[in-house]
Amino acid sequence: MSGNREMGTEAGLTLGADGVLRLTWPRGAVITAGDAERAMLRVNQLCGDERHPMLVDMATTADVSRGARAVFGRPCQASRIALLGASPVDRVLANFFLGINAVPCPTKFFTSERDAITWLSVT
């Protein structure tokens, strides 16, 4: 069987009563292009024809591959994206992503979930 090692990292995804998508990666995740493709497919399936703001918790992410960054740069059903991190490394990863990719919707890095949700709620 070729299966289990190719499963990759699975993100948690929910759509809250507040209309905010929450995408959370497991601690120490190394996000590959395949992981990103699966996550974005799930975002689009969950949203259907509607667009929603999305909070991406990247506080425990170890790395995001070049291929994954390219996938995250494609349009999806997220209307705006708040990247939530906790460390200087998270900020570096987010700034690197924001600096080299044309983001498909307004995207901003935060260290405060409250500030991120407030920003996402602006229409």
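The fold of the protein chain and its aromatic contacts are described below for a predicted model.

Four helices and seven strands make up the secondary structure of the protein chain. Along the sequence these elements are arranged as β-β-β-α-β-β-α-β-α-β-α. The chain has 123 residues, of which 41% are classed as buried. Where contacts join residues at least 6 apart in sequence, 78% of them link residues at least 24 apart. The exposed surface of the chain comes to about 7,000 Å², and 55% of this area is supplied by carbon and sulfur atoms.

Two aromatic pairs are present in the structure. One of them is formed by Trp25 and Phe72, with a centre-to-centre distance of 6.4 Å and an angle of 70° between the planes, an edge-to-face arrangement. Trp25 belongs to the loop between strand S2 (21-24) and strand S3 (30-31), whereas Phe72 is part of helix H2 (residues 66-72); the pair therefore ties together parts of the chain 47 residues apart in sequence. Trp25 and Phe72 are both buried.

Phe110 and Trp119 also pair, with ring centres 5.6 Å apart; because their planes meet at 50°, this pair is tilted. An angle over 60 degrees would have counted as edge-to-face, and one under 30 degrees as stacked. Phe110 is buried, as is Trp119. The ring of Trp119 has a further partner in Arg80, whose charged end sits over the ring at 4.1 Å from its centre. Trp119 thus takes part in an aromatic pair with Phe110 and lies under the charged end of Arg80.

Note on methods
Residues numbered from 1 in each chain as written. Predicted model: local features only at pLDDT ≥ 70, side-chain atom pairs only at ≥ 80, totals over all residues. Heavy atoms only, no water. Helix = DSSP H or I, 4+ residues; strand = E, 2+ residues; numbered from the N terminus. Buried < 20%, exposed > 50% of the residue type's maximum accessible area, 1.4 Å probe, protein only. Contact = heavy atoms within 4.5 Å. Areas by Shrake-Rupley, 256 points an atom, 1.4 Å probe, with all protein chains shown as cover. Phe/Tyr/Trp six-rings, centres within 6.5 Å; stacked < 30°, edge-to-face > 60°. Lys NZ or Arg CZ within 6 Å of the ring centre and 35° of its normal.
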